[in-house]
Structure formats: C-alpha cells, structure tokens
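Let's take a walk through this protein, starting with its hollow spaces and then moving on to some individual residues. Have the 3D view open as you read.

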Amino acid sequence: EISPDIVLLNSSVQWPMIKLLKRKGIKSILFVRETMRKNQLGLINRYIRKKLSQADGVTFLTKYDLEQWDLPTYVKQYVIPDSVNKDNYDMTRTKEESRKKLGLDIEKFYVLYVGGINSIKGAGEIVSAVEWLEEPFVETVILGDLAENLRQCSFLKSLIQYREAKYVKKVYRQIEMINKTESRIQLKGLQRKMDDWLNACDVVVFPVGKVHQARSLYEAGLFQKPVILPDYENFRDNAENMKNVLYYKKRDEKDLALKIQYLFHNKKTAEKLGHANRMMAEEKHLSSE
C-alpha cells in the first residue's frame, strides 16, 4: 500500500524481509545491531551471512563486526557506531549530590551493574564476584528488571522457562546469603533515569553471560566512569585494557572480584581510566538531536 523506495531493517534478525522486498523491487538497508557470537564459519552464521549479502546496504556498529561477517566486497557496507545524546543526561550534580539524592553512603565504593537479574546480562557473575570480595566499603547496586515474575512463577511457567527461572532463583539465594550479615548488594530495579546512578557510582561492571553490544561502556564514559568487562574480542573497537577499561577473564568471577578490588585500592588509576573513557565516548559515540 505504501510502496516505499527503501526500507530500513533495524536488526540482523530481519534478514527474511530482504527477499520479499527484492521481489517487490524495493531497496533495503539492514542495520546489524548484534555482535557476532561463536564461530563466524559456523553453519548458522554462514547461512545468515549469505542472506545479509542480498541487502542493498548493510551497516555495523563496530569495525570488528564488519570484519567478522566478512560480506562480499560487492555489498555496500559501513560502520555506523551506536550513539548517546549528551543532552538527554543531567550532568550538573556532583557525585556527592547524586549519592545524597539516591540515599547512598558518601564514603563507600559503589559498583554499578545495570542488567537486572538475567543470565544473558550476567547477573550471576557479578553476584558471585561479590562473594569473593573482602572489602567492607565496597557495595554493588543492581539496576534493571529484577525478574520477580520468574522468582515466584507458577509451576507451568517454571517448566516453560525452566533454565532461566532456575538461574534467577539461584541468584536470589546467593544475594540473600551475601546480605545476611550486612548489606553488600542493593536491588534497585528498573529506573526511569540513569543520570544520578551513573554519576554516583565508582565503576560500572558489564559481566555479560552472552556477548552483546556494550552500550553501558560509553554511557559510563559520559560520566567519566571506568568499566570492567570480560575480555571478548567483540569489544576491542571501544575498550582498551588499562586505557579506558579493565578486562577480566571471561566467566571468571574471582578475576572480576580482583579487578574491582584493584580499582578500590587504586583510585588514581580508576580516575585515569574514567577520563579516558569519557574521551572515547566523546570521540566516537556522541550524537545530537
């Protein structure tokens, strides 16, 4: 009915649309927002690669992903980095003012994790890392969907989403044990605004269970915060170890704990990493409306 000249597809999972559009003589540009998981020569990735190659244009968020998908040279392809609009964030308050507003301790060292209780985002990894931490002045704040629906779900739902429900319940049991004697993990849930949380924390942790785009990296950069994340090659475009981030060995919660402890004891290094992360965000990921 609309007969558009061109259709923009905003995810690689929309590749089945390309064939339909081609049949109707409509051009398509596909935005690959997902970073590649597993082997690029795997059967599924090879099949998707073949389908992506039929688009009139393909864009990627990082050079790494463009190289990994390795589309034929005849495909028009570009890197268009994800971006954040600085005008959407209030950066006028001091760290102390944000902490006071949020009811946080002025003296503590706060680790911020924004993925909710979710296996893909890696909640279990940060919670397990807290078990290794010994410093009494380090506290972790968990934002995002707390998956209460899976924690107390019906028997039928627990069967349908068995693995995730089991994961959520295990993480909650860990948190209850950790907080038994003193509060070391705060569950704050979904937030309308992230400004004060990003401003109030000392470090942002991005402990993904399954690798995906690290948007938290440059949101943290806006507020001059260092980020700790697993050492996946996928992050290399925007994250350089000991420059603007600290890498820890993927799926190694003890190493994650050690990196948190390192920044707790080396405030100057944390400040230096945060400054470099701000520079990275401003150079590569700022947009304006």
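How many nonpolar, polar and charged residues does the lining of the second largest cavity have, by class? The split is eight nonpolar, no polar and no charged. Keep in mind that this is a predicted model, so everything below is computed from predicted coordinates.

**The hollow spaces**

That second largest cavity is lined by Leu104, Tyr110, Val111, Leu112, Val141, Trp197, Ala200 and Cys201. Strand 6 (109-113) gives the most to this lining, with three residues. Helix 9 (195-200) also supplies at least two residues of it.

A search of the whole structure turns up two cavities of 30 Å³ or more. The largest cavity has a more mixed wall: five nonpolar, five polar and two charged residues. Among the residues lining it are Leu61, Thr62, Asp82, Gln213, Arg215, Tyr218 and His285.

Then there's the largest pocket, which has 17 lining residues. If you want to find its centre on screen, look for Lys95, Asp202, Lys225, Lys267 and Ala270, which lie nearest to it. By class, the pocket lining has seven nonpolar, two polar and eight charged residues. Helix 12 (267-284) provides the largest share of this lining, three residues, and helix 4 (95-102) is also there with at least two.

Here are the three spaces side by side:

| Space | Volume | Lining by class |
|---|---|---|
| Largest pocket | about 360 Å³ | seven nonpolar, two polar, eight charged |
| Largest cavity | about 100 Å³ | five nonpolar, five polar, two charged |
| Second largest cavity | about 30 Å³ | eight nonpolar, no polar, no charged |

**Thr62, on the wall of the largest cavity**

Thr62 is one of the residues lining the largest cavity, and it's worth a click. Thr62 sits in the loop between strand 3 (57-60) and helix 3 (63-69). Why does Thr62 count as buried? Its relative accessibility is 4%, and the cut-off for buried is under 20%. The side chain of Thr62 makes a polar contact with the side chain of Asp65, at 2.8 Å. Leaving out residues up to four places away in sequence, Thr62 touches Val79, Gln213, Asp237 and Asn238. Of these, Gln213 and Asn238 also appear in the lining of the largest cavity.

**Helix 10 and a pair of strands**

Helix 10 (residues 215-222) is mostly covered, with seven of its eight residues buried. Those are Ser216, Leu217, Tyr218, Glu219, Ala220, Gly221 and Leu222. Two of the buried residues, Leu217 and Tyr218, also help line the largest cavity. After helix 10 comes Gln224, which has a positive phi near 60°.

Next, look at strand 10 (residues 227-230) and strand 11, which run parallel and are joined by four bridges. Ile228 stands opposite Leu246 in strand 11. Which residues of strand 11 (residues 245-248) are buried on each side? Val245 and Tyr247 are buried on one side, and Leu246 and Tyr248 on the other, so both faces of the strand are covered.

**Asp145 and Ala147, two residues in one loop**

The loop between strand 7 (138-143) and helix 6 (148-151) holds Asp145, and Ala147 is in this loop too. Is Asp145 buried or partly exposed? Asp145 counts as partly exposed, because its relative accessibility is 47%. Ala147, on the other hand, counts as buried at 5%.

The two are linked: a polar atom of the Asp145 side chain lies 2.9 Å from the backbone nitrogen of Ala147. Beyond its neighbours within four places in sequence, Asp145 is in contact with Gly116, Ile117 and Leu190.

**Positive phi angles**

Most residues other than glycine have a negative phi. Ala147 has a positive one of about 55°, although it is not a glycine. Ser3 does this as well, with a positive phi of about 50°. Ser3 lies in the segment before strand 1 (6-9). At 62% relative accessibility, Ser3 counts as exposed, while Ala147 counts as buried.

Key:
Residues numbered from 1 in each chain as written. Predicted model: local features only at pLDDT ≥ 70, side-chain atom pairs only at ≥ 80, totals over all residues. Heavy atoms only, no water. 1 Å grid on protein atoms, 1.4 Å probe; cavity = no way out; pocket = protein on both sides within 12 Å on 5 of 7 lines; lining within 4 Å. Points joined across faces, edges and corners; volume = space filled by probe spheres on them. Nonpolar A, V, L, I, M, F, W, Y, C, P; charged D, E, K, R; others polar. Buried < 20%, exposed > 50% of the residue type's maximum accessible area, 1.4 Å probe, protein only. Contact = heavy atoms within 4.5 Å. Polar contact = N/O pair within 3.5 Å; in protein donor to acceptor, adjacent residues only side chain to side chain. Pairing = 2+ DSSP bridges.
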